[in-house]
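The exercises below are meant to be worked with the sequence and the coordinates open side by side. Try each task before reading the solution that follows.

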Amino acid sequence: MRILDPHIHMTSRTTDDYEAMYAAGVRAVVEPAFWLGQPRTSVGSFLDYFDSLVGWERFRAAQFGIRHHATIALNPKEANDPRCREVLDEIPRYLLKDGVVAVGEVGYDSMTPAEDEVFAAQLQLAREAELPVLVHTPHRDKLAGTRRSLDVVRESGLPAERVLVDHLNETTVALVRDAGAWAGFSIYPDTKMDERRMVALLRDHGLDRMIVNSAADWGRSDPLKTVRTAHAMLDAGFTADDVDQVLWRNPVELYGQSGSLVLDPVPGFVAGEVPAPAEFEGSSVHRGARV
Ligand SMILES: [Zn+2]
């Protein structure tokens, strides 16, 4: 089984997670730029965060045999904070960096005028950079938020096949599929979408343009939810090829449109062995200790 988790915030996770993910078949991830849980107070905080997504985190994942990619954006929640707005001028140069496969997460949190403006501006950045876009749908008022997001995407002129609309459920899936966009589902341990409901959605809507992620972050979440969904599919009678389509080929096709996915095995990596003492800007995953 090979898995690409197309939405996971590895910066908030431990090396144990990387090891468990690799052992279960996860070979590549995409980490969207998002909120820290508390407000950033200056543009510099974003730049250090973006640098870590394309630098240290990419290095750290490779130490555990996993190919790491990022999506870059001003997230919907902080679009409302005027202290953060200038980061929009910095984003274009990050979109050119190695391992950046999309603009995201963009979209709505509370559907404010400031969010409207930042969402539309970032869709234009994606257009200019010819990159896919990851659209986050709000956790409150999801149906209205999804509808409005699709309208804004349509007005932007971005081709639907480059758009992934994420955090969907039974009430929003048809809207996104009818629009021709990719439908993303975040599988959580105790709220919202779970594996069983996901399998039912795949049965009802088919496998094309369907994307499953763990969305694991600093909150209650499980970085193996992609794997658990794969097993739930097999238990429900889907074939190994079906699993490969949903958990690997679909996200590869979507983010592959960036031309920046790296999917070959990490050279020299041996599962279960302590990673070689390679360094990134003078730091290693061994915190200075040599092995
Ligand atoms: Zn997220």
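**Exercise 1. Is Arg 209 buried, partly exposed or exposed, and how many other C-beta atoms lie within 10 Å?**

Solution. The model is a predicted one. Begin with the location: Arg 209 lies in the loop between α8 (195-205) and β8. Next, count the neighbours: there are 19 other C-beta atoms within 10 Å of Arg 209, whereas a residue is called buried if 20 or more lie within that distance. Arg 209 is therefore partly exposed. Finally, look at the backbone, where Arg 209 has a positive phi of about 55 degrees although it is not a glycine. Most residues other than glycine have a negative phi.

**Exercise 2. Apply the count of C-beta neighbours to Glu 281, and describe its backbone.**

Solution. Glu 281 is found in the segment after α10. The count gives 7 C-beta neighbours inside 10 Å, so Glu 281 is classed as exposed. Its phi is near 45 degrees, a positive value in a residue other than glycine.

**Exercise 3. Find the order of the strands in the open sheet, and identify its edges.**

Solution. The open sheet is formed by 8 strands with parallel pairing, and their order is β1-β2-β3-β4-β5-β6-β7-β8. The edge strands, each of which pairs on one side only, are β1 (3-5) and β8 (210-213). On average, and with direction ignored, neighbouring strands of this sheet are turned by 25 degrees against each other. Within strand β4, which contains Glu 105, inspect the peptide bond that joins Gly 104 and Glu 105: this bond is cis, with omega about -5 degrees.

**Exercise 4. Describe the surroundings of strand β7 (residues 182-186), starting from its pairing and ending with its burial.**

Solution. On one side, β6 and β7 pair in the parallel sense over 2 bridges, and Leu 164 has Trp 182 as its bridge partner in β7. Strand β7 is also joined to β8 by 4 bridges, again in parallel, and there the bridge partner of Ala 183 is Met 210. Turning to the side chains, Trp 182, Gly 184 and Ser 186 point one way from β7, while Ala 183 and Phe 185 point the other way, all of them buried. Because 5 of the 5 residues are buried, β7 is largely enclosed by the rest of the structure.

**Exercise 5. Determine how helices α9 (residues 225-235) and α10 (residues 240-256) are arranged, and which residues bring them into contact.**

Solution. The two axes come within 10 Å and cross at roughly 155 degrees; since angles over 145 degrees count as roughly antiparallel, α9 and α10 are therefore roughly antiparallel to each other. The crossing is right-handed. The contact is made by Thr 226, Ala 230, Met 233 and Leu 234 in α9, which meet Asp 242, Val 243 and Leu 247 in α10. These residues divide into 5 nonpolar, 1 polar and 1 charged. Helix α10 also lies across β1, β2, β3, β4, β6, β7 and β8, running at about 110 degrees to β8.

**Exercise 6. Which residues of helix α3 (residues 56-63) are buried, and against what do they pack?**

Solution. The buried residues are Glu 57, Arg 58, Arg 60, Ala 61, Ala 62 and Gln 63. With 6 of its 8 residues buried, α3 is therefore largely enclosed by the rest of the structure. The buried residues of α3 pack against α1 (15-24), β2 (26-32), α2 (43-54) and β3 (67-72). Just after α3, Gly 65 takes a positive phi of about 85 degrees.

Definitions and conventions: Residues numbered from 1 in each chain as written. Predicted model: local features only at pLDDT ≥ 70, side-chain atom pairs only at ≥ 80, totals over all residues. Axes fitted to C-alpha atoms, helices over the stretch in contact; angles between N-to-C directions. Parallel < 35°, antiparallel > 145°, perpendicular 65-115°, else oblique. Left-handed = near helix turned anticlockwise from the far one by under 90°. Contact = placed C-beta atoms within 7 Å. Nonpolar A, V, L, I, M, F, W, Y, C, P; charged D, E, K, R; others polar. Buried ≥ 20, exposed ≤ 12 C-beta atoms within 10 Å, placed from the backbone. Pairing = 2+ DSSP bridges.
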